[in-house]
Amino acid sequence: MSMSDPLADMLTRIRNAIMARFETVDIPCSTIKVNVAKVLRDEGYISDYQVRDEGVQGTLTITLKYSPSGESVISGIKRVSKPGLRRYAKAREIPVVLEGLGIAIVSTSQGIITDQTARRLNTGGEVLCEVW
């Protein structure tokens, strides 16, 4: 079965794993998913990720991060640009998530980066998702 939006599937799997209080979540691997996971790890939203070469595609295992009280670090995660309606933004038009408390993940010519980095590099791109 082909999937029309693999990144939305990744975000949904993370959201469902957080609601079920899972420690890890396994996702079919792709380059864009690994780059999004790297941004989430660098920004402190997940503990770590690991790529395993299993089967045809491989598996991306994400270790979720929880506070000492058991609350997830990720309060919300939302897909912005979709296959049916792509959302592009110039550097000055990239959205600020929750007045700077969250991040927007942007696909640019410099790679997949956060909204703050995109503004600093003065480069726009496709706004993939928002995390808070």
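Helices, here runs of at least four residues, and strands, runs of at least two, are DSSP assignments numbered from the N terminus. By that rule, the chain in this predicted model has 3 helices and 8 strands.

**Figure 1. Overall view of the chain and its order of elements.** Read along the sequence, the helices and strands follow one another in the pattern α-β-α-β-β-β-β-β-β-α-β. The C-alpha trace spans about 40 × 40 × 25 Å along its principal axes, and the radius of gyration of 15 Å agrees with the value near 14 Å that a compact globule of 132 residues would have. Of the contacts between residues at least 6 apart in sequence, 60% join residues at least 24 apart.

**Figure 2. Interior, surface and charges of the chain.** Buried residues account for 43% of the 132 residues, while the chain exposes about 7600 Å², of which carbon and sulfur atoms supply 49%. There are 17 positive and 15 negative side chains, and the centres of these two sets lie 5 Å apart.

**Figure 3. Close-up of Leu98.** Leu98 is found in the loop between strand E5 (88–89) and strand E6 (103–108), and, although not a glycine, Leu98 has a positive phi of about 50 degrees. Most residues other than glycine have a negative phi. Leu98 counts as partly exposed because its relative accessibility is 48%.

**Figure 4. Close-up of Asn122.** Asn122 lies in the loop between helix H3 (115–121) and strand E8 (125–131), and this residue, which is not a glycine, has a positive phi of about 55 degrees. Asn122 has 55% relative accessibility and therefore counts as exposed, the cut-off being over 50%.

Note on methods. Residues numbered from 1 in each chain as written. Predicted model: local features only at pLDDT ≥ 70, side-chain atom pairs only at ≥ 80, totals over all residues. Heavy atoms only, no water. Buried < 20%, exposed > 50% of the residue type's maximum accessible area, 1.4 Å probe, protein only. Rg over C-alpha atoms; globule rule 2.2 N^0.38 Å. Contact = heavy atoms within 4.5 Å. Areas by Shrake-Rupley, 256 points an atom, 1.4 Å probe, with all protein chains shown as cover. Lys, Arg positive; Asp, Glu negative; His and termini not counted. Charge placed at Lys NZ, Arg CZ, Asp CG, Glu CD.
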